[in-house]
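Okay, everyone, thanks for coming. I'll put the thing up on the screen and then walk you through it, starting with the ligand.

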Amino acid sequence: MSRVWNFSAGPAALPPAVLERAQRELLDWNGSGASVMEQSHRGKRFIAMAAQAEADLRALMEVPADYAVLFLQGGATQHFAQIPMNLAGPDDSADYIVSGHWSAKAASEAGAYVRVNVAASSAADDYLKLPPRDSWRLDPRAAYVHYTPNETIHGVEFHDVPDVGDAVPLVADLSSNILSGPLDVSRFGLIYAGAQKNIGPSGLVVMIIRRDLLQRAGRPMARIFRYAEHAAADSMLNTPNTWGWYLAGLTFQWLLEQGGVAAMADLNRAKAGLLYGAIDGSDGYYRNPVDPAARSRMNVRFDLHDTALDAAFLQESEAAGLLALKGHKALGGMRASLYNAVPLAAVEALVEFMGDFARRHG
Ligand code: PMP
């Protein structure tokens, strides 16, 4: 077996221990004689597994009791639309903080269902820094404030939860940094995350929503779009993504065994520190253009001093067992994604390769 060091932005690396356990259990899950994918979500085994996954996530994130945890589908993109459908009436407005590609997309998709007020944007700075909190023009009558704590493509991250007061619920797209460190869930009205970076395979969305927000009238819509219906049905309003839910549960158990989000915070700080240190210490051979105060721990962008070397860097890094370092096509350059399942050894191997490449290519 040859596993590479995987820096994919998503779908991304999963812990080998999780994959090995899934492999062991694939043909005969939990003594059932069938795989988890081959049985009813209404069966007692699946219901017990689902409840354990929720309990483990609640323990990891210290989710307060007045929040529902939902296991949904549709990707984060579907919820860009479904969140305004649920939290806002047709005449309401919502505040959006635009700090990169994904928050811009969330704002534009929401526009079909709510009046979008872009309360702050760093577009004019090419999203290289965060819009300073004192520049946000928040509307006290907004249905909610939406932001994206970590921008997967632009590589910028909020390192603190912004204070928006208590009156307007804060909504966060945590797709690319959920479970990467401690987070005070009580500061949020709604958190959502596509699973395919820090949790499991794609096709699953984890949502944590304050229960009072489930009562918002929103507008007439089919039951399948209504979060309150999903909550009332324990996320089994229709057939859930059983495989995704199962793998998410295995990842939550793995995280608990590793020491939870506090241990992940230490690991992620060490990994990002090592890589940014190598970039900054390369005498300009490699560059990260992001404001140091806003640099993402999860998605580290870097450019080579000469783009003519990009193709060689990608080819040689892949040959050295370092996968998926090509930056997003919108920005070019390189990007190393350092989610929870990427070990420190992967970043050590990358840093060593980068130094070696710089020496060989002058
Ligand atoms: N938000 C963020 C922060 C993301 O990184 C991504 C995907 N990479 C999305 C939303 C979109 O997720 P999906 O493809 O699951 O809809």
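So, who sits around the ligand? The shell is Gly10, Gly75, Ala76, Thr77, Trp102, Thr148, Thr152, Asp173, Ser175, Ser176 and Gly194. Keep in mind that this is a predicted model. Sorted by class, that shell comes out as eight polar residues, two nonpolar and one charged. And which element gives the most to it? That's helix H3, residues 75-87, which puts in three residues.

Now let me zoom in on one member of that shell, Thr152. You'll find threonine 152 in the loop between strand S6 (150-151) and S7. Buried or exposed? Threonine 152 is buried, because 26 other C-beta atoms lie within 10 Å. Leaving out residues up to four places away in sequence, threonine 152 touches Ala9, Gly10, Trp102, Ser175, Ser176 and Asn299.

Next, the annotation. UniProt, in an unreviewed entry, puts a "binding site" feature at Ala76, Thr77, Trp102, Thr152, Asp173, Gln196, Asn238 and Thr239. Those positions run over 164 residues of sequence, and they're spread out in space too, with up to 30.4 Å between C-alpha atoms.

Let's look at Asn238 from that list. Asparagine 238 is in the loop between helix H5 (227-232) and H6. It counts as exposed, since there are 12 other C-beta atoms within 10 Å. Methionine 236 is also placed in the loop between H5 and H6. With 16 C-beta neighbours inside 10 Å, methionine 236 is classed as partly exposed. Here's one to check on your screens: what is the C-alpha separation of methionine 236 and arginine 42? The answer is 8.3 Å, for two residues 194 apart along the chain.

Okay, zooming out to the domains. The domain assignment splits the protein into domain 1, residues 16-258, and domain 2, residues 259-361. Taken over C-alpha atoms, the centres of domain 1 and domain 2 are 27 Å apart. How many residues go into the contact from each side? It's 22 from domain 1 and 25 from domain 2. On the domain 1 side, strand S7 (156-157) and helix H6 (242-258) each supply at least two residues. H6 gives the most there, with three residues. By class, that side of domain 1 has 10 polar, nine nonpolar and three charged residues.

There's a record for the chain as well: the unreviewed UniProt entry lists "domain: Aminotransferase class V" for residues 4-350. The end C-alpha atoms of that span lie 11 Å apart, and the span is 32% helix and 16% strand.

Last topic, the packing inside. The largest nonpolar core has 100 residues, and the ones touching the most other members are Ala193 and Met207. Where does this core come from? Domain 1 (16-258) and domain 2 (259-361) each put in at least three residues. If you click on methionine 207, you'll see it touching Leu70, Leu72, Leu190, Ile191 and Tyr192, again skipping residues up to four places away in sequence. Apart from that core there's another one, of five residues, including Tyr127, Leu130, Val156 and Ala294.

That's my tour, so over to you for questions.

How values were computed. Residues are numbered from 1 along each chain as its sequence is written. This is a predicted model: local features need pLDDT of at least 70, side-chain atom pairs count only at pLDDT 80 or more; totals for chains, interfaces and linings use all residues. A nonpolar core is a set of buried Ala, Val, Leu, Ile, Met, Phe, Trp, Tyr and Cys residues joined through C-beta atoms within 7 Å. A residue is buried if 20 or more other C-beta atoms lie within 10 Å of its own, exposed if 12 or fewer, and partly exposed in between; C-beta atoms are placed from the backbone. Domain bounds come from an automatic or database domain assignment. Two residues are in contact if their C-beta atoms, placed from the backbone, lie within 7 Å. A residue is near a molecule or strand if its C-beta atom, placed from the backbone, lies within 6 Å of it. Helices (H or I, at least four residues) and strands (E, at least two) are DSSP runs, numbered from the N terminus. Ala, Val, Leu, Ile, Met, Phe, Trp, Tyr, Cys and Pro count as nonpolar, Asp, Glu, Lys and Arg as charged, and the others, Gly among them, as polar. UniProt positions are given in the numbering used here, feature names are shortened, and annotations may be inferred rather than shown by experiment.
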